[in-house]
Structure formats: structure tokens, C-alpha cells
Amino acid sequence: MLKPIVLLIISNIFMCFAWYGHLKNFKTAPLWIAISVSWAIALLEYCFQVPANRLGNQYFNLPQLKVLQEVITMVVFAGFSVSYMKVPVTRNYFFAAMLLAGAAYLIFSETKT
């Protein structure tokens, strides 16, 4: 059960760089260069994302897998935005985290029918 979570974390690290890294690293580069670099990084993202979902589907139902992915995405994105992009943390980060925790609780506490 831990392996898909680790793969999702790695995938999301690549995703942050693919989707947002160009805003810092390629600000003045032509758009086609930013797109090309982002797509190359996104390929690495998918190399981890697809196996994570296949493995995760053995342990989680689809809604659980999606909520797990979103929680990991927001945690990784928060770390990325603060540490790499130097975006300050606001109290809304904490409120968003509480809402995500609530969503995770609800989806994982659902009874099986």
C-alpha cells in the first residue's frame, strides 16, 4: 500500500516542476521552449503516475485513489511553492489543508456496500 503513495509523491514533484517551474526558470524564454521542457518533465511525471494508479487501484477504490492523489498534490505543491517558488504561507494554506483532511476522512470512512 505504501508503494503507490511513494510513486504519487514522486510524480507530483515532477508535476510541480512541469506545470510551474517554468514560471521561475524560463520566464524570458520563448513559449515553445517552456512548453518543450515542461512536456519532457511531464513525461517523467507520467512514468510514476501511471504505475502509482495501477498499483493504488489494488488497495483503494477509485474515489479514494483520487482524493489521495489530491491530498498528495496539495502537500507537495505547498512544499514546492514555499521552498522553491518562495511563496509565503498564509492561513488559507492551513484552512485548505483542513478541508482536504476532511475530504480524505469522508472518502476513506465510507462504508462498503
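Here are a few worked exercises on the fold, the pockets and some single residues of this predicted model.

Before starting, note that residues are numbered from 1 along each chain as its sequence is written, and that side-chain values use heavy atoms, with hydrogens and water left out. In this predicted model, local features need pLDDT of at least 70 and side-chain atom pairs count only at pLDDT 80 or more, while totals for chains, interfaces and linings use all residues.

**Exercise 1: the overall fold**

Work out how many helices and strands there are in the protein, and which pattern it follows along the sequence.

Solution. Begin with the DSSP runs: a helix is a run of H or I with at least four residues, a strand a run of E with at least two, and both are numbered from the N terminus. The protein has four helices and zero strands. Reading along the sequence then gives α-α-α-α.

Next, take the dimensions: the C-alpha trace spans about 55 × 35 × 20 Å along its principal axes. For contacts (heavy atoms within 4.5 Å), look at those with a separation of 6 or more: 78% of them join residues 24 or more positions apart.

Finish with the surface. Of the 113 residues, 26% count as buried, where buried means under 20% relative accessible area, exposed over 50%, and partly exposed in between (1.4 Å probe, protein chains only). About 7,800 Å² is exposed, and carbon and sulfur atoms supply 73% of that area; accessible areas come from the Shrake-Rupley method with a 1.4 Å probe, and for residues only the protein chains shown count as cover.

**Exercise 2: the largest pocket**

Find which helix gives the most to the lining of the largest pocket, and describe that lining by class.

Solution. First, the term itself: on a 1 Å grid over the protein atoms alone, a pocket is an open set of points, where a 1.4 Å probe fits, with protein on both sides within 12 Å along at least five of seven lines; lining residues have an atom within 4 Å of a point. A volume is the space filled by probe spheres set on the points, which are joined across faces, edges and corners. The largest pocket comes to about 220 Å³.

Now go to the helices. Both α3 and α4 (91-108) supply at least two lining residues, and α4 gives the most, with six. Among the lining residues are Val71, Met74, Phe77, Tyr93, Phe94, Ala97 and Leu100.

Last comes the class count: 11 nonpolar, no polar and no charged residues. Here Ala, Val, Leu, Ile, Met, Phe, Trp, Tyr, Cys and Pro count as nonpolar, Asp, Glu, Lys and Arg as charged, and the others, Gly among them, as polar.

Ala97 makes a good follow-up. This residue is found in α4 and counts as partly exposed because its relative accessibility is 41%. The C-alpha atoms of Ala97 and Phe77 are separated by 12 Å, with their positions 20 residues apart along the chain.

**Exercise 3: the second largest pocket**

Determine how the lining residues of the second largest pocket divide by class, and which helix supplies the largest share.

Solution. About 180 Å³ of space lies in this pocket. Three helices, α1 (2-25), α2 (31-59) and α3, each supply at least two lining residues, and the largest share, six residues, comes from α3. The lining includes Met15, Trp19, Gln49, Lys66, Gln69 and Thr73. By class it divides into four nonpolar, four polar and three charged residues.

**Exercise 4: two residues of α3**

Decide whether Gln69 and Thr73 are buried or exposed, and list what each one touches beyond four places in sequence.

Solution. Take Gln69 first. It is found in helix α3 (residues 62-83) and counts as buried because its relative accessibility is 10%. Its contacts beyond that sequence range are Leu8, Asn12 and Gln49. With Asn12 there is also a side-chain to side-chain polar contact at 3.4 Å; such a contact is a pair of N or O atoms within 3.5 Å, one able to donate a hydrogen and the other to accept it, and residues adjacent in sequence count only if both atoms are side-chain atoms.

Then Thr73, also a residue of α3: with a relative accessible area of 11%, Thr73 is buried. Thr73 touches Asn12 and Met15.
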